[in-house]
Amino acid sequence: TARGVQAVEITLRHIADEHRRGVLSSLTPEALQAYLRDQSIGLAQIQGLAMHDGNGDALALSWLAPRTRSNIAHFDAFRAARDNRDAGVWLGAAVRSPSDDEWMIPIGRRLEAPEGAFAGTIGARLRIEYFTDFYRDIKLEAGTKVTLMHHDGTLLARYPLLDGAVGKRFESSSRQALAEPRA
């Protein structure tokens, strides 16, 4: 799990560096979308890459048509990246995407202008089913359950899947119950 997330984080860091150096500033929305699609090749754990400006408006979403409108300014992670220069990479709880209502786990980082000012975010949509399938394919003993939780207690992925549980926050006693085998 950690290596899958780390591979995405390395890609996001690379794109953020390219942005800060001004390499991406002259790209049209169509060219930026193509660039993001190219950067996501080989990352089976994501559904695409998204770049948003300092207001939270989409500059490019690799999985949708160029110039698709989407705004993420209401997400806590966006505000944290905007307000904290040292935010680094962030991993959100499972949510429905504002662009197409698909379940995903957002991961992203701050974009900066060459002088260091906040310029937006670069993010990816981690595929919940990628992790569920990965845990299923481990082939552990019968009755074994694997649960991936956000630090705030939100269920990100689980095998076997529990209908309606992804994206819900569980208190510590409920988290333990999710991991225990049923008799």
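Biologist: Which residues of α3 are exposed on its other side?

Modeller: On that side of helix α3, D76 and D83 are exposed; the model we are reading is a predicted one, and the values I quote are computed from it.

Biologist: What makes D83 exposed rather than buried?

Modeller: The relative accessible area of D83 is 57%, and the word exposed is kept for values over 50%, so D83 meets the condition for that name.

Biologist: Which residues of helix α3 are buried, and how do you know whether they line one face?

Modeller: In α3, which spans residues 76-83, the buried residues are A77, F78 and A81. Looking down the helix axis, one finds these buried residues within an arc of 100 degrees, and therefore they line one face of α3. As for what they pack against, the partners are β1 (46-53), β3 (89-91), β5 and β6 (118-126).

Biologist: What makes the buried residues of α2 line one face?

Modeller: The residues concerned are L32, Q33, Y35 and L36, which are buried in α2. Their directions, viewed down the axis of α2, fall within an arc of 160 degrees, so they too line one face of their helix. The cover over these buried residues of α2 includes α1, β1, β2 (58-61) and β6.

Biologist: How do α1 and α2 cross, and which of their residues meet?

Modeller: Two packed helices are described by the angle between their axes and the distance between the axes. Here the axes of α1 (residues 2-20) and α2 (residues 29-39) come within 11 Å and cross at roughly 150 degrees, and the crossing is right-handed. On the α1 side the contact involves T11, H14, I15 and E18, which meet Y35, L36 and Q39 of α2. By class, the residues of this contact are three nonpolar, three polar and one charged.

Biologist: Why is the pair of R109 and E9 called a salt bridge?

Modeller: The side chains of R109 and E9 meet at 2.3 Å, N to O, and a salt bridge asks for a nitrogen of Lys or Arg within 4 Å of a carboxyl oxygen of Asp or Glu, so the pair qualifies. R109 belongs to strand β5 (residues 103-112) and E9 to helix α1, so the bridge ties together parts that are 100 residues apart in sequence. Both R109 and E9 are buried.

Biologist: How many salt bridges does a search of the whole structure find?

Modeller: The search finds 13 salt bridges. Another of them joins the side chains of R82 and D83 at 2.7 Å, N to O; there R82 has a relative accessibility of 33% and so counts as partly exposed.

Biologist: How far apart in helix α4 are D133 and R136, and what makes them partly exposed?

Modeller: D133 and R136 are three residues apart in helix α4 (residues 128-137), a separation of about one helical turn, and their side chains meet in a salt bridge at 3.1 Å, N to O. D133 has a relative accessibility of 29% and R136 has a relative accessible area of 36%. Since partly exposed covers what lies between under 20% and over 50%, both values earn that name. Elsewhere, salt bridges with shared partners join R20, R85, R110 and E112 into one network.

Biologist: Why is S97 called buried, and what does S97 touch?

Modeller: S97 is in the loop between β4 (95-96) and β5. Its relative accessibility is 5%, and buried means under 20%, so S97 counts as buried. Leaving out residues up to four places away in sequence, S97 touches E102, M104 and R125.

Biologist: What makes T121 in strand β6 buried or exposed?

Modeller: T121, which is found in strand β6, has a relative accessible area of 2%; as that is under the 20% limit, T121 is buried. Apart from neighbours within four places in sequence, T121 is in contact with A50, M51, H52, I72, F78, A81, R109 and L111. T121 and R79 are 42 residues apart in sequence, while their C-alpha atoms are 10 Å apart in space.

Biologist: How far apart are R13 and G88 in sequence and in space?

Modeller: They are 75 residues apart in sequence and 9.1 Å apart in space, C-alpha to C-alpha. R13 itself is found in helix α1, and its relative accessibility of 38% makes R13 partly exposed.

Conventions:
Residues numbered from 1 in each chain as written. Predicted model: local features only at pLDDT ≥ 70, side-chain atom pairs only at ≥ 80, totals over all residues. Heavy atoms only, no water. Axes fitted to C-alpha atoms, helices over the stretch in contact; angles between N-to-C directions. Helix = DSSP H or I, 4+ residues; strand = E, 2+ residues; numbered from the N terminus. Left-handed = near helix turned anticlockwise from the far one by under 90°. Contact = heavy atoms within 4.5 Å. Nonpolar A, V, L, I, M, F, W, Y, C, P; charged D, E, K, R; others polar. Buried < 20%, exposed > 50% of the residue type's maximum accessible area, 1.4 Å probe, protein only. Arc of directions from axis to C-beta.
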